Amino acid sequence: KNCPVVSGKGDYTKINYPCIPCDSIGEGGLLVELFKYPGVKLNGRLNATIDIANGLIKAGKIAQSRGYELYVQSTCRSYETQRLLWNRAPEKQRTVKVSRPGLSNHGFGNAVDVQLKKTKKTTDAYGNETTKSGAAITSLSFCQQCKQDKNNLTKLTDIMFEAGFTRYCPEVWHYEIGVKEEKNHTKCTGLPPSCKNNPEPCKAK
C-alpha cells in the first residue's frame, strides 16, 4: 500500500483514518519483524524499519558488552492505537506528550521506546553460565523521567548514539533513525527541558 504522510489537519476522532505504514505491515515491504537480538529483549511481537532493526542489532551488542540489556517497549504503532492515546490524553498534554494520529514517527516504524536494564550472570544446574535480565535503570514513564539518574541515562544514550540513533529530547526513552525532520532531536544526554531544577536540559538541534 502507498501510505503518504497526512497533513495534520482534520478530525482525529474519526474511525475512517488514512493509511500509514504501520497499518499495512507485510503488504508493502516497508517494515520487518524484530527478533530477540543479542542484548535486546522485546515487549512481544514488534515491527519496525530495517534501519531500526539494524540499529538495535548494533545497540544490543554494545549494551551486552557493557553488562546491560535493552528492553524495547514499543516500535511500530497503528493509526488506531495513536488515536486512542491522543483521545485519552488530557487536552493540554496533547502534542506535548502525545503526537497527533498520523504524525507520530511510531506510525512510520522509525521510532523505538527503549529502557536500559542491568544483566546478571548465573550458572545453571549443569554448570553453564547464562545471562538474565536485572533491574531497569532508566525510565519509560513521564511521571518518573525527571527523577531519572543522569549517569544511568548517559549510559543508555551513549549506547544508542553509538549505534546511530538520535533522541527525541522531551522523552528519555524515545530514539529514532532515518527521520528527515530533525526538530526536537538531539544527541545530548540531559533530562528533558520540562524537568524542574535542571541546569543542563536536553535541547533540540
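Angles between helix axes under 35 degrees count as roughly parallel, over 145 as roughly antiparallel, 65 to 115 as roughly perpendicular, and the rest as oblique. With that in hand, here is a friendly tour of two features of this predicted model: the packing of helices α1 and α3, and the second largest pocket.

**Helix packing**

- Helix α1 covers residues 50-65 and helix α3 covers residues 150-162; they pack with their axes 8 Å apart, at an angle of about 135 degrees.
- α1 and α3 are therefore oblique to each other.
- The crossing in which α1 passes α3 is right-handed.
- On the α1 side, Ala59, Ile62 and Ala63 make the contact, and on the α3 side Ile159, Met160 and Glu162 do so.
- Sorted by class, this contact of α1 with α3 has five nonpolar residues, one charged and no polar ones.

**Second largest pocket**

- The volume of the second largest pocket is about 170 Å³.
- Its lining is made up of Lys36, Gly39, Gln64, Gly67, Tyr68, Glu69, Thr119, Lys121, Thr131, Lys132 and Ser133.
- Strands β4 (68-74), β5 (111-123) and β6 (129-136) are the elements that give two or more residues to this lining.
- β6 supplies the largest share of the lining, with three residues.
- By class, the lining of the second largest pocket has six polar, four charged and one nonpolar residues.

Conventions. Residues are numbered from 1 along each chain as its sequence is written. This is a predicted model: local features need pLDDT of at least 70, side-chain atom pairs count only at pLDDT 80 or more; totals for chains, interfaces and linings use all residues. Side-chain values use heavy atoms; hydrogens and water are left out. Axes are lines fitted to C-alpha atoms, for helices over the stretch in contact, and angles run from 0 to 180 degrees between N-to-C directions. Helices (H or I, at least four residues) and strands (E, at least two) are DSSP runs, numbered from the N terminus. A crossing is left-handed if the near helix is turned anticlockwise from the far one by less than a right angle, and right-handed if clockwise. Contact means heavy atoms within 4.5 Å. Ala, Val, Leu, Ile, Met, Phe, Trp, Tyr, Cys and Pro count as nonpolar, Asp, Glu, Lys and Arg as charged, and the others, Gly among them, as polar. On a 1 Å grid over the protein atoms alone, a cavity is a set of points where a 1.4 Å probe fits but cannot get out, and a pocket is an open set with protein on both sides within 12 Å along at least five of seven lines; lining residues have an atom within 4 Å of a point. Grid points are joined across faces, edges and corners, and a volume is the space filled by probe spheres set on the points.
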